[in-house]
Amino acid sequence: MTTLTDNDVAAASHEASVRRAREGAAAPIATPLDDARAQLAEAIALLGFSDGTHRLLATPRRELTVAVPLRTDSGETTLFTGYRVQHNFSRGPAKGGLRYAPNVDLDEVRALAMWMTWKCALLDVPYGGAKGGIAIDPRAHSTAELERVTRRYTSEILPIIGPERDIPAPDIGTDERTMAWMMDTYSVNSGYTVPGIVTGKPIALGGSLGRASATSRGVTHIALAALRHAGLEPARSSAAVQGFGKVGADTARFLAEAGVRVRAVSDQYGAVANDGGLDVEALIAHVRETGSVVGFAEADELDRDAVLTADVDLLVPAAVEGVLHEANAADVRAKVVVEGANGPTTPAADRILREQGVLVVPDILANAGGVIVSYFEWVQANQAYWWRADEVESRLEERMLNAWEHVLGYAGARGLSLRTAATALAVERVAEAHRLRGLYP
Ligand SMILES: NC(=O)C1=CN([C@@H]2O[C@H](COP(=O)(O)OP(=O)(O)OC[C@H]3O[C@@H](n4cnc5c(N)ncnc54)[C@H](OP(=O)(O)O)[C@@H]3O)[C@@H](O)[C@H]2O)C=CC1
Ligand SMILES: O=C(O)CCC(=O)C(=O)O
C-alpha cells in the first residue's frame with residue numbers, strides 16, 4: 001500500500017500540475033488528474049476553505065498498486081498492473097467502478113476516484129469515492145483469461161475492499177460477468193456469499209433490476225431537462241452520442257424513445273450518421289453482431305471524432321476523458337452538452353464552451369444514475385429484499401431531477417457554471433463530514 005508524499009500533494013495545485021502531451025495532440029493537454037484537481041481548486045477558492053482542507057480533499061486516502069500475473073491459454077506467463085484508489089470515505093464506504101483498458105494508469109484512477117467522491121456527495125448517496133483499473137486490453141484476451149485476471153486482481157485488493165469498506169462496480173471494459181467473478185472470489189475467501197461486495201452483478205446473484213441501464217436513464221432524464229432549460233423541445237431536437245458501449249448505446253436508445261433525433265454516434269472504430277435520425281434499435285443489433293457501429297447499412301460513415309462537432313442540439317460524450325479540449329471546443333455546435341463519460345471536458349474547453357453559451361451538464365451530476373442504482377442494489381443485497389423495476393426507476397428519476405434542480409438553483413443564484421456549482425456543493429458536503437468527524441475546513 002502506498003502513502004502519498006508531500007510531493008504528491010503539492011501537485012494538487014493546478015499551477016503546479018505537470019502537463020504532458022498526449023500522443024497525436026496538437027498541443028499539450030492536461031491529464032484527467034490535472035483536470036480533476038483544477039476543478040477542486042476552483043471549488044475550494046469559491047468556498048473559501050483553507051489550504052489544509054484543500055490538501056485533505058485533493059489527496060486520496062488510500063492507494064494500492066498490484067501486480068496481476070496471468071497464465072495465458074497458451075501456457076505463457078504475463079503480467080499486468082492493477083490499481084485501486086480510495087479517494088475519500090468520510091461519508092461512507094468508498095464506491096466506484098473497475099476499468100479494463102490498455103492506457104489505465106494511477107493518475108487516471110486517482111482522478112476517477114476523486115470524481116466518484118463528488119458524485120456520491122452531490123447525489124447524497126452514503127458513499128465516498130473510489131476507482132480501480134487494470135492496464136489491459138480486454139478485447140485481446142479470452143473469457144477464461146479475463147476471469148483469471150479478475151480473480152487474481154480481486155485477491156490482490158482483497159485487504160481493502162468489502163461491503164462496508166469499498167464496493168466495486170463496472171466501468172469501461174468490464175460488465176456484470178466481471179462483477180460475478182469478483183463476488184465469487186471475495187465470497188470464497190470469506191467462506192460465505194457476500195452479495196454486497198460489488199454492484200452491477202447479474203440479477204440472479206442479487207443484482208438490481210434497472211442497474212444495467214441506470215446510467216443511461218439518468219443521462220437521459222438530465223438531457224431532456226437540460227434541453228427544456230435551454231428552450232429546446234426534445235421532440236424537435238437532435239443529438240450526437242460519442243461512445244456506443246454500456247452508457248452510450250442505451251442513452252441513444254432512450255433519447256430516441258423520447259423523440260430526440262439521434263443523428264450521429266461513434267465508437268473506437270468510427271462513426272455513423274443519418275440526418276433523419278438513426279434507427280438505434282437496429283444499430284444496437286448491428287453492434288451486437290459485428291462489434292462496431294461501423295458498417296451499419298442505414299447510415300453514412302463519418303470521421304470518428306466528427307460526432308463531437310456534429311450539427312445537433314445535444315452532444316453526449318459517453319466514452320473517455322479529455323475528448324473536448326482547447327483545440328476542438330470552439331467547433332462544438334451543440335447547444336447542450338451532457339457528460340455521460342467521466343471527465344470528457346477539460347477546464348480549457350469548459351471555459352470556451354461557456355463563452356459560446358453552451359450549457360454543459362457535468363459528469364458528477366449527469367452520469368450519477370449508475371451509482372444511484374448501485375446504492376439501491378447494495379441496499380437490496382444487504383437486506384435480501386428486492387424492489388420492482390418501476391420502483392427502482394422512479395426513485396432514480398426523482399433523485400436525478402432533484403439534484404438537477406438543486407445544482408441549477410445554486411448555480412443561478414451565484415452566477416456559476418453547472419460544473420462549478422455541482423463541485424462546490426459536493427465538496428462542501430464532504431468537508432462538512434470531515435468537520436463533524438473532527439477535522440475543520
Ligand atoms: N458503466 C457505468 O455505469 C458508468 C460509466 N460511466 C462512464 O461512462 C463512460 C463509458 O463507460 P461504459 O459505457 O461503461 O464503457 P464501455 O466499455 O461499455 O463503452 C465505452 C465505449 O466508448 C467507446 N470509445 C472508446 N474510445 C472512444 C473514442 N475515442 N471515440 C469514440 N468512442 C470511443 C468504446 O468503443 P468500442 O466499443 O469500439 O471499444 C465503447 O463504445 C466512461 O467514461 C465511464 O467512466 C459513468 C458512470 C457510470
Ligand atoms: O456504480 C458504481 O458504483 C460506480 C459507477 C462508476 O464507476 C461511475 O459512476 O463512474
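Helix H8 (246–257) and strand S7 (261–267) each supply at least two residues of the shell around ligand 1. Helices (H or I, at least four residues) and strands (E, at least two) are DSSP runs, numbered from the N terminus. The largest contribution to this shell is from H8, with three residues. In total 26 residues surround ligand 1, and the closest are Gly243, Gly245, Gln268, Ala341 and Gly370. A residue is counted here if its C-beta atom, placed from the backbone, lies within 6 Å of the molecule. The shell around ligand 1 divides into nine nonpolar, 13 polar and four charged residues. In this scheme Ala, Val, Leu, Ile, Met, Phe, Trp, Tyr, Cys and Pro are nonpolar, Asp, Glu, Lys and Arg are charged, and the others, Gly among them, are polar.

The model is predicted: local features need pLDDT of at least 70, side-chain atom pairs count only at pLDDT 80 or more, and totals for chains, interfaces and linings use all residues. Residues are numbered from 1 along each chain as its sequence is written, while chains are lettered from A and ligands numbered from 1 in the order in which they are written.

Ligand 2 has a shell of 14 residues, the closest being Gly97, Ala169, Gly370, Val371 and Ser374. Gly370 is also listed among the closest residues to ligand 1. Strand S3 (94–101), helix H4 (106–122) and helix H12 (369–383) each give at least two residues to the shell around ligand 2. By class, this shell has three nonpolar, eight polar and three charged residues.

Some positions in this part of the chain carry annotations. UniProt, in an unreviewed entry, places the feature "binding site" at Lys95, Lys119 and Ser374. These three are spread over 280 residues of sequence, yet they cluster in space, with a largest C-alpha distance of 12.7 Å. UniProt positions are given in the numbering used here, feature names are shortened, and annotations may be inferred rather than shown by experiment. Lys95 is found in strand S3 and Lys119 in helix H4. Lys95 is buried, because 28 other C-beta atoms lie within 10 Å. Lys119 is buried too, with 28 other C-beta atoms within 10 Å. The cut-offs are 20 or more other C-beta atoms within 10 Å of a residue's own for buried, 12 or fewer for exposed, and partly exposed in between, with C-beta atoms placed from the backbone.

Leaving aside neighbours within four places in sequence, Lys95 is in contact with nine residues' worth of surroundings that include Met116, Tyr127, Val371 and Ser374. With the same exclusion, Lys119 is in contact with Ile364, Ala368 and Val371. Two residues are in contact if their C-beta atoms, placed from the backbone, lie within 7 Å. The same unreviewed UniProt entry type places a "binding site" at Thr215. Thr215 is found in helix H7 (residues 214–229) and counts as buried, with 29 C-beta neighbours inside 10 Å. Not counting residues up to four places away in sequence, Thr215 touches Val247, Asn367, Gly369 and Gly370.

The chain is divided into domain 1 (6–193) and domain 2 (214–361), with bounds that come from an automatic or database domain assignment. The centres of domain 1 and domain 2, taken over C-alpha atoms, are separated by 25 Å. Across the boundary, 13 residues of domain 1 are in contact with 10 residues of domain 2. On the side of domain 1 that touches domain 2, helix H2 (32–47) and H4 each supply at least two residues. H2 gives the most to that side, with five residues. By class, this side of domain 1 has 11 nonpolar, one polar and one charged residues. Both domains also take part around ligand 1, whose shell draws at least three residues from each of domain 1 and domain 2.

Helix H10 (residues 347–355) has Pro347, Ala349, Asp350, Ile352 and Leu353 as its buried residues. Their cover includes H2, strand S11 (336–338), strand S12 (359–361) and helix H14 (418–437). After H10 comes Gly357, with a positive phi near 80 degrees.

Ile160 is found in the loop between helix H5 (143–157) and strand S5 (166–170). Ile160 is partly exposed, with 16 other C-beta atoms within 10 Å. Apart from neighbours within four places in sequence, Ile160 is in contact with Arg62, Leu64, Arg84, Gln86, Arg165 and Asp166.

Taken as a whole, the chain has 14 helices and 12 strands. The radius of gyration is 21 Å, close to the 22 Å that the globule rule gives for 441 residues, so the chain is as compact as a globular protein of that length. The radius is taken over C-alpha atoms, and the rule is 2.2 Å times the number of residues to the power 0.38. Buried residues make up 53% of the 441 residues. Of the contacts with a separation of 6 or more, 69% are between residues 24 or more positions apart.
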